[in-house]
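Student: I should like a close look at a single part of this model, followed by an account of how the charged side chains pair elsewhere. Please begin with one residue and work outwards.

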Amino acid sequence: MEKRVLLNNKKELYCLFSIDIENSTKKKYENLFWDNSVFNFYEKIPLHFQTLLKENDSTTNLSIWKYVGDEILFYKKITNLNQIPTTIKAFKETLEFFSKKTPDINIKGTVWTAQLNLIDRAFYSNKTKGNENNTLDFIGPSVDCGFRLSKFASTDFMPISIEIL
């Protein structure tokens, strides 16, 4: 299986989002039926976030970046800076909606950006001969900073990186 990586050299701004289940390991041990809530988390949160964006934003280019354990990572290419507040609002409303809807699991979120072709890069992974299923992935200091920032997230506090403000 030959793996090719294609670097993206365009100047682009992306908003990156993390939604995570707080204390998920503990919850799994406490509740034998935890999987129903988690399946709802994986299935319904992306749909709700996308629906809110369609209602509030003319561009809905939100994509699931990847799943990492009990965390869903999203990205959205920003084509106009006015999209940032509406996108963050939709994200916050998604967190609030599911916090009320699924009281048996606590979710938390983080928002940050990656400015490609300055210090961060994007690349397409999972591209192999005969397989056109590309996955956009991001690397760089801003991407790493966002993951460090997410350790401060809680059900009561959503960290947002400073460059967004």
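Tutor: In this predicted model, Thr 113 has a relative accessibility of 6% and therefore counts as buried, the cut-off for that class being under 20%. Thr 113 belongs to strand 5, which spans residues 106-115. Leaving aside residues up to four places away in sequence, Thr 113 touches Leu 13, Tyr 14, Cys 15 and Leu 16, and also Ser 142, Ser 161, Glu 163 and Ile 164.

The setting of this strand is a protein with four helices and seven strands, arranged along the sequence as β-β-α-α-β-β-α-β-β-β-α. The protein has 165 residues, of which 44% count as buried. Among contacts with a separation of 6 or more, 70% are between residues 24 or more positions apart. The exposed area of the protein is about 9500 Å², and carbon and sulfur atoms supply 54% of it.

The charged pairs come next. Side chains of opposite charge can pair when their charged atoms come close. The protein has four salt bridges, with a limit of 4 Å between the side-chain nitrogen and the carboxyl oxygen. One of them joins Lys 66 to Asp 137, with the closest N and O atoms 3.2 Å apart. Lys 66 is in strand 3 (residues 62-68) and Asp 137 in strand 7 (residues 135-139), so this salt bridge ties together parts that are 71 residues apart in sequence. Lys 66, at 31% relative accessibility, counts as partly exposed, whereas Asp 137, at 13%, counts as buried.

Helix 3 (residues 83-101) holds the salt-bridge partners Glu 93 and Lys 89, which are four residues apart, about one turn of the helix. The closest N and O atoms of Glu 93 and Lys 89 are 3.3 Å apart. Glu 93 has a relative accessible area of 26% and is therefore partly exposed; Lys 89, with 46%, is also partly exposed.

Glu 96 and Lys 92 form another salt bridge, in which the closest N and O atoms are 2.5 Å apart. Both residues lie in helix 3, again four residues apart, or about one turn of the helix. Glu 96 counts as partly exposed at 36% relative accessibility, and Lys 92 is partly exposed with a relative accessible area of 40%.

Note on methods:
Residues numbered from 1 in each chain as written. Predicted model: local features only at pLDDT ≥ 70, side-chain atom pairs only at ≥ 80, totals over all residues. Heavy atoms only, no water. Helix = DSSP H or I, 4+ residues; strand = E, 2+ residues; numbered from the N terminus. Buried < 20%, exposed > 50% of the residue type's maximum accessible area, 1.4 Å probe, protein only. Contact = heavy atoms within 4.5 Å. Areas by Shrake-Rupley, 256 points an atom, 1.4 Å probe, with all protein chains shown as cover.
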